[in-house]
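Q: Before we begin, could you take me through this model feature by feature, giving the general idea each time and then the case at hand?

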Amino acid sequence: MKKRLQIDQVTKYYGAEAIVTKALDSISFEVGDGEFIAIMGASGSGKSTLLNCIATIDRISAGNILLDGEQISNKKERELADYRRDKLGFIFQEYNLLDTLTVEENITLPLNLQGVSLKETEKRLIDITDKLGIHEQLKKFPMALSGGQRQRVACARALITNPSIILADEPTGALDSANSKKLMETLLFMNEQLHSTILMVTHDALVGSFAKRVLFLKDGKIWNELYRGNQSQRAMHEDILATMALLGGEGHVS
Amino acid sequence: MYRKLALRNVRRQIGNYLIYFITVALTISLIFAMNNLIFNDQLQTQAQSIAELALGLVFLSIIICIIIAFVLGYANAFMLRLRKREFGTYLTVGMKRKHIVKLFLFENSLLGILAMVVGFFVGSLFYQGLMLLMTQLLDIPFEFSMFSLKGVLLTIGMVCSIFLFSSLVSSFYLNRVTIYELIHGEKKVEQGVKHPYVAMLVTGVSFVGIIVSFIFFSRELKNIFLEVDSNPGNLVWLMLLLTVSLVTFHIGLAKSLMYILLGFKHFTQRGTNQFLLRQLSAMLSSNAILLGALSFLIVFAMIAANFSFLYKEIEEANLDKQYPFDIIANINSEQEGSIPLEQAKETIESYVPIDWSKVYNGYSTNERTFHKHTIWQGDKYQDVDMYMKESEVNELLQELGSKPLNLDNQFAIFSDMPGIQGADFSEASFNHKGQTYTLSHVVESMPMFLWSYFVIVVPDEVVEGMEISQTAAAITLEEGPFDAQKLQDALSYTYKIEENNYSVLTSDYRVKEQRRLYAAAFSAIFIVGALYLAVVFILLAMAILALKILSNLRDDEKKYRLLNRLGVNEELQRKTLAKQIFVFFTFPIVVPICLSIPITIILNQFIDLAGYSAMLNFNIVSVSIVVVIGLIYFLYFMVTFGLTKKYVIQRR
Ligand SMILES: Nc1ncnc2c1ncn2[C@@H]1O[C@H](COP(=O)(O)OP(=O)(O)OP(=O)(O)O)[C@@H](O)[C@H]1O
Ligand SMILES: [Mg+2]
């Protein structure tokens with residue numbers, strides 16, 4: 001399996017001198033092509049920090065991060081913007097979409113930034129919206145959509161550039177359980193049918209059980225790792241709950 | 001406890017409070033300066049003798065009051081909007097509504113009082129500047145005064161009543177609004193532009209309205225000057241048409257321009273263009289009425305500035321035309337009480353020595369032959385043709401330093417009226433003792449020597465046998481200070497009108513210096529007033545635009561953060577933000593700047609019609625006004641952009 005992402009001895013400190021928080025403590029792991037990984041852990045364990053560092057919105061203090069074999073920790077600010085544009089797809093918990101743009105415009109924005117031709121843009125838009133079943137909402141503005149619909153639009157936007165990896169920080173955080181489940185099915189579809197590589201942070205054991213692999217963080221270190229293998233989702237869910245109980249954090253149990 | 005909370009809030013959001021504070025303090029200082037000016041003792045003394053001055057001052061204070069109501073009301077609404085979420089949070093954690101209202105009012109009055117103190121301080125500086133300008137224009141000595149009590153009281157009264165009113169409105173709102181609305185804001189569902197084609201139509205029609213109002217204004221102006229079936233009231237209607245068209249034009253354009261641009265897919269689907277257009281579309285269409293009103297304010301600021309300069313220039317030129325000599329006498333000896341020339345000369349000598357004087361006559365045959373060639377024909381006009389001797393005219397011209405006439409069996413027409421352009425004397429000729437006299441030339445910009453629309457200057461022998469119908473005298477005085485008003489009063493007399501027993505104060509002697517002082521006073525108030533209003537209008541427009549942009553900071557920050565994550569680099573973010581603010585800022589000023597061209601054309605036409613084209617060139621003034629406005633505007637844009645950039649542009 002080809003390596004997509006390599007996290008190598010990554011450490012991240014916050015603050016200076018007197019109060020220093022070690023948010024990540026020489027973490028190492030790898031993400032292969034087509035993987036679907038969930039990162040779980042108690043509040044404050046460093047999940048968002050890890051994701052932000054990979055997303056290059058935050059700087060790491062030590063270690064290396066490689067995407068497609070390319071070192072990203074020493075790139076310049078300008079190159080990083082292009083890196084995000086070309087290599088990454090994002091789904092956040094909230095405020096994923098620009099409310100002044102229509103759904104269609106939100107989805108095609110990354111292509112506009114890449115300078116993709118009108119024709120190609122149109123083709124990819126139709127392709128992606130058909131697959132995700134959102135073509136009826138294209139002319140609407142985000143405010144007119146439900147939370148679940150909005151997240152699905154965010155998925156479409158994350159997918160449209162064919163990124164090397166899709167990063168999702170608590171994508172279901174603002175959704176009820178029915179909508180969470182639908183969104184996870186979408187992500188699963190993206191992973192299985194469209195072969196997207198997904199790295200997702202979540203609190204929710206059920207949400208985590210959709211992933212193929214779950215990394216547990218504690219105090220900025222990888223504390224445990226679960227592989228789904230051939231297990232049923234139900235069994236995976238139970239395993240995650242059991243691990244979380246052992247972890248003893250304040251993570252949601254649902 | 002709430003006080004502590006309030007103070008802490010002020011400290012925390014210092015940036016936003018600062019902008020609010022500066023706007024309010026600046027507005028208060030501008031009003032404070034004006035109110036002090038209105039109640040200045042020196043000016044009040046002047047105003048007693050000049051009714052227009054007093055009236056002008058009252059008019060100014062009314063306009064100022066409307067402006068302050070507008071800005072302060074606006075600034076308070078901005079403040080409320082800024083703090084909605086905070087108040088929502090207080091409510092959710094259990095604070096009572098009445099406490100929140102109290103908190104808000106306490107804070108606002110705290111800031112209000114502070115702004116008033118600062119405003120008074122800065123305002124008294126403005127006031128000294130204004131007084132310096134005024135005294136210069138009025139030709140009176142500058143007497144230092146810190147402020148006037150009445151001005152202070154009036155300002156406090158104005159500011160307090162507006163603060164009270166907007167506080168009432170805010171507390172009413174805070175007592176009724178739901179927590180949800182406070183926290184989530186009015187979750188407007190962005191719908192795009194609703195009726196873009198209607199808006200486009202409105203824009204088109206309004207554009208025609210603007211053009212039509214200028215064309216007809218120009219035509220009407222011409223008619224008024226040439227006195228052909230004119231109706232000055234139409235000018236008011238045309239101004240109204242211009243106002244309405246300007247506002248509707250901007251509303252229509254704000255609601256359709258971006259929609260049209262969004263149709264150009266090749267342009268929009270490049271980089272952040274689509275985002276930019278959508279941002280602008282939302283900003284412009286939700287502020288359409290405001291933008292229309294601002295562009296109207298800017299246009300009128302420009303017109304006011306132009307006309308005030310024009311007025312001053314014309315006033316000066318006009319003085320020389322109507323008062324060619326230091327004193328002009330048109331002696332009406334039949335009138336009881338009229339002062340004979342010899343007696344008048346003695347009176348004058350007691351004020352200032354006479355340098356030169358000349359008595360001259362207007363002759364007539366009691367016919368109206370020449371009037372028939374002019375616009376002053378028909379039953380409305382009773383005046384008879386007035387002749388002057390070439391030799392006498394030449395003596396007057398020589399004293400004025402002009403070239404003498406050399407009429408060789410011809411006659412010349414002198415007039416100070418623009419209406420003379422409508423006359424055709426090519427057919428006019430007359431016989432005297434077997435000699436035919438034809439037209440030599442018409443002089444349109446001659447000083448007024450006699451009370452007549454025009455005079456016919458003829459070789460001396462022609463007036464033989466005509467009756468003397470007017471006697472006039474021109475007097476020049478030696479240099480030296482004298483009380484022109486007292487002299488004019490001394491040369492005046494009253495007579496009674498038999499039928500209704502009214503007493504009329506009149507004078508056959510017109511003292512140029514007295515008129516000059518009077519005109520200077522009038523143009524001083526006119527210029528200072530108009531320029532001050534223009535400045536206030538423009539500052540107001542920019543303050544409101546800046547407040548608008550700054551009150552969107554939080555939203556914009558979120559948007560640019562998202563863009564940053566999607567891979568828009570810092571430079572592109574900065575460019576996009578600059579374009580966004582620049583277009584929003586320039587939107588209400590582009591049309592006014594373009595309109596400076598027709599405004600200048602009309603001003604030049606006015607100058608031409610009034611017969612000053614040789615003396616005045618107004619293009620430079622118009623251009624400088626545009627440049628000054630543009631410069632102030634650009635500075636304001638840079639400041640707003642600088643402030644916004646700091647908050648909005650994302651880097652890690
Ligand atoms: N900007 C920051 N400055 C200082 N410390 C920070 C900052 N961001 C995070 N931290 C600290 O780093 C640690 C990890 O934070 P992080 O946000 O990654 O946790 P998390 O796992 O995402 O938690 P949650 O599940 O609550 O989102 C915490 O101790 C936090 O207090
Ligand atoms: Mg987090």
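Q: In which helix is B:Phe634 placed, and is B:Phe634 buried, partly exposed or exposed?

A: Helices here are DSSP runs of H or I with at least four residues, strands are runs of E with at least two, and both are numbered from the N terminus. In this predicted model, B:Phe634 sits in helix H19 of chain B, residues 619-648. Burial is read from relative accessible area, where buried means under 20%, exposed over 50% and partly exposed in between, with a 1.4 Å probe and protein chains only; B:Phe634 has 45% and is therefore partly exposed. The C-alpha atoms of B:Phe634 and B:Thr586 are separated by 9.2 Å, although these positions lie 48 residues apart in the chain count.

Q: What conventions should I keep in mind for the numbering and for the confidence of the model?

A: Residues are numbered from 1 along each chain as its sequence is written, while chains are lettered from A and ligands numbered from 1 in the order in which they are written. Because the model is predicted, local features need pLDDT of at least 70 and side-chain atom pairs count only at pLDDT 80 or more, whereas totals for chains, interfaces and linings use all residues; side-chain values use heavy atoms, with hydrogens and water left out.

Q: How far apart in space are B:Phe214 and B:Ile601, and where is B:Phe214 found?

A: B:Phe214 belongs to helix H8 of chain B, residues 196-226, and counts as buried because its relative accessible area is 13%. From C-alpha to C-alpha, B:Phe214 and B:Ile601 are 9.8 Å apart in space, with 387 residues of separation in sequence. In chain A, A:Pro110 lies in helix H3, residues 103-114, and is buried at 6% relative accessible area; A:Pro110 and A:Ala245 are 135 residues apart in sequence and 41 Å apart in space, again C-alpha to C-alpha.

Q: How should I read a positive phi, and which loop holds B:Asn366?

A: Most residues other than glycine have a negative phi. B:Asn366, which is not a glycine, has a positive phi of about 60 degrees; B:Asn366 lies in the loop between strand E2 (354-364) and strand E3 (387-389) of chain B, and is partly exposed because its relative accessible area is 46%. B:Lys433, also not a glycine, has a positive phi of about 50 degrees and is placed in the loop between strand E5 (429-432) and strand E6 (435-443) of chain B, where its 67% relative accessibility makes it exposed.

Q: Which residues surround ligand 1?

A: A residue is near a molecule if one of its heavy atoms lies within 4 Å of it, and the residues around ligand 1 include A:Tyr14, A:Thr21, A:Ser45, A:Thr49 and A:His203. A polar contact is a pair of N or O atoms within 3.5 Å: a polar side-chain atom of A:Ser43 is 2.4 Å from an oxygen atom of ligand 1, a polar backbone atom of A:Gly44 is 2.9 Å from an oxygen atom of the ligand, and an N or O atom in the side chain of A:Lys47 is 2.7 Å from a ligand oxygen atom. Of the 630 Å² of accessible area that ligand 1 has on its own, the protein covers 59%, as computed by the Shrake-Rupley method with a 1.4 Å probe. Strand E2 (21-32) and helix H1 (47-54) of chain A are the elements that give two or more residues to this shell, and H1(A) supplies the largest share, three residues.

Q: What do the domain records say about chain A and chain B?

A: UniProt positions follow the numbering used here, feature names are shortened, and annotations may be inferred rather than shown by experiment. The unreviewed UniProt entry places "domain: ABC transporter" at residues 5-244 of chain A; the end C-alpha atoms of that span lie 25 Å apart, and the span is 38% helix and 26% strand. For chain B, a domain assignment, whose bounds come from an automatic or database source, gives domain 1 (1-187) and domain 2 (322-515), with C-alpha centres 57 Å apart.

Q: How many disulfides does a search of the whole structure find?

A: A disulfide is a pair of cysteine sulfur atoms within 2.5 Å, and the search over all chains finds zero. A:Cys53 counts as buried because its relative accessibility is 3%, whereas B:Cys594, at 46%, counts as partly exposed.

Terms used: A polar contact is a pair of N or O atoms within 3.5 Å; within protein, one must be able to donate a hydrogen and the other to accept it, and residues adjacent in sequence count only if both atoms are side-chain atoms.
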